[in-house]
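Colleague: Please take a close look at the pockets in this model. I would like to know what lines them.

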Amino acid sequence: MLDIRNLSVEFKLGKKSVKAVNNVSLKINENETVCLIGESGSGKSVLGLSILKLLPENVKISGEVYYKNKNLLSLPEKELKNIRGKIIAWIPQTSSALNPVITVGEQIAEPLIYHLKLDKKRAWRRVIDLLNFFSIIPAEKRAKQYPHQYSGGMKQRALVAMGISAEPEFIIADEPTKGLDIVKKFNVIEAFKKIKKKKLSQLIITHDLHLAEVIGDKISVMYCGQVLEVCNKNRFFNEPLHPYSKALLEALPDRGLKPIRGFPPSMVNPPSGCKFHPRCDYCLDICKRKEPPFFKVEDSLVRCWRYDNWKESN
(Lines give C-alpha, C1' and ligand atoms only; values in the text may rest on other atoms or scores of the structure.)
Protein backbone atom coordinates (compact mmCIF):
# COMPACT_ATOMS: atom_id res chain seq x y z
CA MET A 1 0.00 0.00 0.00
CA LEU A 2 2.76 2.46 1.01
CA ASP A 3 6.18 1.88 -0.51
CA ILE A 4 9.05 4.16 0.57
CA ARG A 5 12.07 3.81 -1.72
CA ASN A 6 15.52 5.23 -0.99
CA LEU A 7 14.11 8.25 0.83
CA SER A 8 16.58 10.90 2.02
CA VAL A 9 15.81 14.22 3.68
CA GLU A 10 18.55 16.84 3.99
CA PHE A 11 18.48 20.07 6.00
CA LYS A 12 20.91 22.89 5.24
CA LEU A 13 22.67 24.46 8.24
CA GLY A 14 24.76 27.26 6.82
CA LYS A 15 27.63 25.60 4.98
CA LYS A 16 26.84 22.22 6.54
CA SER A 17 23.98 19.84 5.96
CA VAL A 18 22.16 17.25 8.04
CA LYS A 19 20.75 14.08 6.55
CA ALA A 20 17.88 13.53 8.96
CA VAL A 21 16.71 10.60 6.83
CA ASN A 22 19.32 8.63 4.92
CA ASN A 23 18.32 6.26 2.13
CA VAL A 24 15.35 4.67 3.90
CA SER A 25 13.21 2.03 2.24
CA LEU A 26 10.10 0.64 3.94
CA LYS A 27 6.89 -1.09 2.84
CA ILE A 28 3.57 -1.04 4.68
CA ASN A 29 0.93 -3.43 3.44
CA GLU A 30 -2.84 -3.14 3.48
CA ASN A 31 -4.38 -3.55 6.98
CA GLU A 32 -0.88 -3.56 8.51
CA THR A 33 0.40 -1.50 11.44
CA VAL A 34 4.11 -0.70 11.35
CA CYS A 35 5.72 0.90 14.40
CA LEU A 36 8.78 3.01 13.68
CA ILE A 37 10.86 3.09 16.85
CA GLY A 38 14.16 4.58 18.02
CA GLU A 39 15.66 7.20 20.29
CA SER A 40 14.69 10.87 20.04
CA GLY A 41 16.49 12.62 17.18
CA SER A 42 16.83 9.50 15.02
CA GLY A 43 14.77 10.99 12.17
CA LYS A 44 11.45 9.21 12.77
CA SER A 45 9.20 12.28 12.74
CA VAL A 46 11.02 13.79 9.74
CA LEU A 47 10.39 10.58 7.81
CA GLY A 48 6.68 10.72 8.65
CA LEU A 49 6.37 14.40 7.67
CA SER A 50 8.20 13.85 4.40
CA ILE A 51 5.66 11.25 3.22
CA LEU A 52 3.05 14.01 2.84
CA LYS A 53 5.60 16.75 2.05
CA LEU A 54 4.82 18.62 5.25
CA LEU A 55 8.40 19.87 5.62
CA PRO A 56 9.68 23.38 4.76
CA GLU A 57 10.31 24.07 1.08
CA ASN A 58 14.05 24.62 1.59
CA VAL A 59 14.49 20.99 2.69
CA LYS A 60 15.89 18.68 0.04
CA ILE A 61 13.91 15.45 -0.35
CA SER A 62 15.03 12.68 -2.68
CA GLY A 63 13.73 9.19 -3.35
CA GLU A 64 10.18 8.00 -3.94
CA VAL A 65 7.10 7.43 -1.78
CA TYR A 66 4.46 5.39 -3.58
CA TYR A 67 0.92 5.11 -2.32
CA LYS A 68 -1.08 2.69 -4.45
CA ASN A 69 1.45 3.13 -7.26
CA LYS A 70 1.30 6.94 -7.19
CA ASN A 71 4.51 8.78 -6.21
CA LEU A 72 3.41 11.30 -3.57
CA LEU A 73 6.65 13.29 -3.81
CA SER A 74 6.03 14.13 -7.47
CA LEU A 75 2.42 15.27 -7.04
CA PRO A 76 1.49 18.96 -7.27
CA GLU A 77 0.43 20.63 -4.01
CA LYS A 78 -3.21 20.87 -5.12
CA GLU A 79 -3.47 17.11 -5.57
CA LEU A 80 -1.64 16.44 -2.29
CA LYS A 81 -4.16 18.59 -0.40
CA ASN A 82 -6.90 16.21 -1.50
CA ILE A 83 -4.88 13.26 -0.18
CA ARG A 84 -3.91 14.75 3.19
CA GLY A 85 -6.62 14.04 5.73
CA LYS A 86 -8.96 12.34 3.29
CA ILE A 87 -6.83 9.38 2.15
CA ILE A 88 -3.75 9.64 4.38
CA ALA A 89 -4.24 11.21 7.81
CA TRP A 90 -1.47 12.83 9.84
CA ILE A 91 -1.92 12.79 13.64
CA PRO A 92 0.61 15.16 15.24
CA GLN A 93 2.40 14.43 18.51
CA THR A 94 1.49 17.59 20.35
CA SER A 95 -1.85 18.86 21.58
CA SER A 96 -0.73 22.38 20.61
CA ALA A 97 -1.93 21.35 17.13
CA LEU A 98 -5.44 22.07 18.44
CA ASN A 99 -6.59 25.66 17.92
CA PRO A 100 -7.17 27.15 21.41
CA VAL A 101 -9.98 29.52 20.30
CA ILE A 102 -12.13 26.99 18.40
CA THR A 103 -14.17 24.27 20.10
CA VAL A 104 -12.86 20.73 19.80
CA GLY A 105 -16.08 19.64 18.09
CA GLU A 106 -15.70 22.28 15.38
CA GLN A 107 -12.12 21.21 14.75
CA ILE A 108 -13.07 17.54 14.41
CA ALA A 109 -15.92 18.54 12.07
CA GLU A 110 -13.64 20.52 9.74
CA PRO A 111 -12.27 17.50 7.77
CA LEU A 112 -15.83 16.17 7.44
CA ILE A 113 -17.04 19.42 5.89
CA TYR A 114 -13.92 19.98 3.74
CA HIS A 115 -13.25 16.44 2.48
CA LEU A 116 -16.61 14.65 2.70
CA LYS A 117 -18.75 17.73 1.91
CA LEU A 118 -21.11 17.04 4.82
CA ASP A 119 -23.40 19.83 5.96
CA LYS A 120 -22.81 21.15 9.48
CA LYS A 121 -25.69 19.20 11.01
CA ARG A 122 -24.52 15.83 9.66
CA ALA A 123 -20.91 16.65 10.48
CA TRP A 124 -21.85 17.46 14.07
CA ARG A 125 -23.66 14.12 14.48
CA ARG A 126 -20.52 12.40 13.24
CA VAL A 127 -18.42 14.38 15.74
CA ILE A 128 -20.61 13.16 18.61
CA ASP A 129 -20.25 9.58 17.37
CA LEU A 130 -16.45 9.94 17.23
CA LEU A 131 -16.20 11.41 20.72
CA ASN A 132 -18.30 8.57 22.08
CA PHE A 133 -16.17 6.06 20.15
CA PHE A 134 -13.02 7.34 21.85
CA SER A 135 -14.70 7.65 25.27
CA ILE A 136 -14.58 11.46 25.40
CA ILE A 137 -17.82 11.79 27.33
CA PRO A 138 -20.37 13.21 27.76
CA ALA A 139 -19.83 13.76 24.03
CA GLU A 140 -22.44 16.50 23.56
CA LYS A 141 -20.82 18.58 26.30
CA ARG A 142 -17.22 17.85 25.36
CA ALA A 143 -17.80 18.76 21.70
CA LYS A 144 -18.65 22.32 22.76
CA GLN A 145 -15.60 22.72 24.97
CA TYR A 146 -12.22 24.25 24.11
CA PRO A 147 -8.85 22.44 24.20
CA HIS A 148 -7.83 23.98 27.54
CA GLN A 149 -10.81 22.20 29.13
CA TYR A 150 -9.42 18.81 28.06
CA SER A 151 -6.78 16.72 29.84
CA GLY A 152 -3.62 15.74 27.96
CA GLY A 153 -4.95 12.28 27.17
CA MET A 154 -8.30 13.66 26.00
CA LYS A 155 -6.52 16.14 23.70
CA GLN A 156 -4.51 13.32 22.15
CA ARG A 157 -7.63 11.21 21.62
CA ALA A 158 -9.35 14.24 20.11
CA LEU A 159 -6.47 14.53 17.62
CA VAL A 160 -6.94 10.85 16.78
CA ALA A 161 -10.68 11.44 16.30
CA MET A 162 -9.89 14.38 14.02
CA GLY A 163 -7.43 12.23 12.07
CA ILE A 164 -9.89 9.46 11.31
CA SER A 165 -12.99 11.67 10.98
CA ALA A 166 -12.86 11.75 7.17
CA GLU A 167 -12.43 7.94 7.12
CA PRO A 168 -8.89 7.82 5.65
CA GLU A 169 -7.31 4.64 4.31
CA PHE A 170 -3.95 5.20 5.96
CA ILE A 171 -2.87 6.85 9.24
CA ILE A 172 0.48 8.30 10.24
CA ALA A 173 0.63 9.04 13.98
CA ASP A 174 3.61 10.85 15.50
CA GLU A 175 4.46 9.94 19.12
CA PRO A 176 0.80 9.58 20.21
CA THR A 177 1.67 8.69 23.82
CA LYS A 178 4.46 11.21 24.35
CA GLY A 179 4.36 13.06 27.66
CA LEU A 180 1.32 11.21 29.01
CA ASP A 181 1.04 9.57 32.41
CA ILE A 182 0.26 5.86 32.62
CA VAL A 183 -3.55 6.31 32.82
CA LYS A 184 -3.75 8.74 29.89
CA LYS A 185 -1.36 6.55 27.92
CA PHE A 186 -3.62 3.54 28.50
CA ASN A 187 -6.59 5.49 27.11
CA VAL A 188 -4.68 6.51 23.98
CA ILE A 189 -3.51 2.93 23.42
CA GLU A 190 -7.12 1.78 23.71
CA ALA A 191 -8.03 4.37 21.05
CA PHE A 192 -5.47 2.90 18.64
CA LYS A 193 -6.66 -0.62 19.38
CA LYS A 194 -10.12 0.51 18.25
CA ILE A 195 -8.62 1.97 15.06
CA LYS A 196 -6.82 -1.31 14.41
CA LYS A 197 -10.15 -3.14 14.46
CA LYS A 198 -11.26 -0.90 11.59
CA LYS A 199 -8.49 -2.57 9.53
CA LEU A 200 -6.75 0.65 8.55
CA SER A 201 -3.09 0.68 7.58
CA GLN A 202 -0.96 2.62 10.04
CA LEU A 203 2.54 3.98 10.51
CA ILE A 204 3.01 4.69 14.22
CA ILE A 205 6.11 6.75 15.06
CA THR A 206 7.00 6.12 18.68
CA HIS A 207 9.67 5.52 21.29
CA ASP A 208 7.03 3.81 23.44
CA LEU A 209 7.85 0.11 23.13
CA HIS A 210 4.73 -0.89 25.08
CA LEU A 211 2.55 0.84 22.47
CA ALA A 212 4.51 -0.90 19.70
CA GLU A 213 4.08 -4.28 21.36
CA VAL A 214 0.33 -3.84 21.80
CA ILE A 215 -0.68 -2.52 18.38
CA GLY A 216 2.20 -3.23 15.99
CA ASP A 217 2.31 -5.97 13.38
CA LYS A 218 5.79 -5.09 12.20
CA ILE A 219 8.64 -3.14 13.83
CA SER A 220 11.06 -0.87 12.00
CA VAL A 221 14.05 0.33 14.03
CA MET A 222 15.59 3.70 13.15
CA TYR A 223 18.94 5.13 14.24
CA CYS A 224 20.83 8.21 13.03
CA GLY A 225 18.57 8.64 10.00
CA GLN A 226 18.75 4.99 8.90
CA VAL A 227 16.51 1.96 9.32
CA LEU A 228 18.61 -0.77 10.95
CA GLU A 229 16.09 -3.58 11.25
CA VAL A 230 12.64 -4.50 9.94
CA CYS A 231 10.94 -7.54 11.40
CA ASN A 232 7.63 -8.82 12.69
CA LYS A 233 6.61 -7.91 16.22
CA ASN A 234 7.21 -11.35 17.71
CA ARG A 235 10.75 -11.51 16.34
CA PHE A 236 11.59 -8.06 17.70
CA PHE A 237 10.35 -8.59 21.24
CA ASN A 238 11.67 -12.16 21.55
CA GLU A 239 14.78 -12.42 19.39
CA PRO A 240 15.82 -9.11 17.76
CA LEU A 241 18.71 -9.23 15.31
CA HIS A 242 20.46 -5.87 15.47
CA PRO A 243 22.59 -5.00 18.54
CA TYR A 244 20.77 -1.67 18.78
CA SER A 245 17.39 -3.43 18.88
CA LYS A 246 18.68 -5.65 21.70
CA ALA A 247 20.01 -2.60 23.56
CA LEU A 248 16.64 -0.83 23.31
CA LEU A 249 14.88 -3.80 24.88
CA GLU A 250 17.51 -4.25 27.62
CA ALA A 251 16.99 -0.59 28.60
CA LEU A 252 13.38 -1.33 29.59
CA PRO A 253 12.70 -1.57 33.35
CA ASP A 254 11.28 -5.09 33.07
CA ARG A 255 14.28 -6.24 30.99
CA GLY A 256 17.06 -5.12 33.31
CA LEU A 257 17.09 -1.31 32.93
CA LYS A 258 20.51 -1.44 31.29
CA PRO A 259 21.25 1.95 29.66
CA ILE A 260 22.75 2.05 26.17
CA ARG A 261 26.34 3.14 26.64
CA GLY A 262 27.56 6.34 25.05
CA PHE A 263 25.40 8.95 23.39
CA PRO A 264 23.42 9.20 20.13
CA PRO A 265 25.73 10.34 17.31
CA SER A 266 25.85 13.80 15.78
CA MET A 267 23.65 14.07 12.69
CA VAL A 268 26.02 16.75 11.37
CA ASN A 269 29.12 14.57 11.70
CA PRO A 270 27.90 10.97 11.92
CA PRO A 271 30.35 8.09 12.47
CA SER A 272 31.87 6.32 9.52
CA GLY A 273 30.78 2.78 8.72
CA CYS A 274 27.90 1.50 10.84
CA LYS A 275 26.37 4.47 12.65
CA PHE A 276 25.91 2.40 15.82
CA HIS A 277 29.45 1.02 16.04
CA PRO A 278 30.77 3.46 18.73
CA ARG A 279 28.11 2.16 21.14
CA CYS A 280 28.01 -1.47 20.03
CA ASP A 281 29.21 -4.36 22.21
CA TYR A 282 29.62 -6.57 19.12
CA CYS A 283 31.60 -4.16 16.94
CA LEU A 284 33.84 -5.71 14.26
CA ASP A 285 36.69 -3.96 12.45
CA ILE A 286 34.63 -3.70 9.25
CA CYS A 287 31.85 -1.95 11.18
CA LYS A 288 34.12 1.07 11.70
CA ARG A 289 35.10 1.30 8.04
CA LYS A 290 32.21 0.26 5.85
CA GLU A 291 28.48 0.93 6.07
CA PRO A 292 26.54 -2.34 6.06
CA PRO A 293 23.78 -3.04 3.53
CA PHE A 294 20.56 -4.82 4.45
CA PHE A 295 20.92 -8.55 4.94
CA LYS A 296 17.86 -10.79 4.72
CA VAL A 297 17.54 -13.16 7.67
CA GLU A 298 14.51 -15.40 7.25
CA ASP A 299 11.63 -12.91 6.93
CA SER A 300 13.56 -10.01 8.50
CA LEU A 301 15.96 -7.35 7.23
CA VAL A 302 18.95 -6.21 9.28
CA ARG A 303 21.72 -3.70 8.59
CA CYS A 304 24.60 -5.39 10.46
CA TRP A 305 27.87 -6.99 9.27
CA ARG A 306 27.44 -9.87 11.72
CA TYR A 307 24.89 -11.34 9.26
CA ASP A 308 27.10 -11.04 6.16
CA ASN A 309 27.58 -14.81 5.92
CA TRP A 310 24.26 -15.79 7.46
CA LYS A 311 23.08 -17.84 4.46
CA GLU A 312 26.33 -19.76 4.26
CA SER A 313 26.33 -20.60 7.99
CA ASN A 314 22.67 -21.62 8.08
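Modeller: Helices and strands here are DSSP runs, numbered from the N terminus: H or I over at least four residues for a helix, E over at least two for a strand. The model is predicted, so to speak of local features we need pLDDT of at least 70, and side-chain atom pairs count only at pLDDT 80 or more, while totals for chains, interfaces and linings use all residues. Residues are numbered from 1 along each chain as its sequence is written, and side-chain values use heavy atoms, leaving out hydrogens and water.

Now the largest pocket. A pocket is an open set of points on a 1 Å grid over the protein atoms alone, where a 1.4 Å probe fits and protein lies on both sides within 12 Å along at least five of seven lines. The largest pocket holds about 540 Å³ of space. That volume is the space filled by probe spheres set on the points, joined across faces, edges and corners. Its lining has 16 residues, each with an atom within 4 Å of a point. Find the centre of the largest pocket: the closest lining residues are Arg84, Gly85, Pro111, His115 and Met162.

Where does this lining come from? Three elements supply at least two residues each. They are strand β6, at 88–91, helix α3, at 104–115, and helix α6, at 152–164. Helix α3 gives the largest share, with five residues. Pro111 and His115 both fall within its run, and Met162 falls within that of α6.

What is the chemical make-up of the largest pocket's lining? Nine residues are nonpolar, four polar and three charged. Nonpolar covers Ala, Val, Leu, Ile, Met, Phe, Trp, Tyr, Cys and Pro; charged covers Asp, Glu, Lys and Arg; the others, Gly among them, are polar.

Next comes the second largest pocket, with a volume of about 230 Å³. It is lined by 14 residues. Leu26, Lys27, Lys218, Val230 and Leu301 are the closest to its centre. Four strands supply at least two lining residues each. Trace β1 along 2–13 and β2 along 16–28. Then trace β10 along 226–232 and β12 along 300–302. Leu26 and Lys27 fall within β2. Val230 falls within β10, and Leu301 within β12. By class, this second lining has six nonpolar, three polar and five charged residues.
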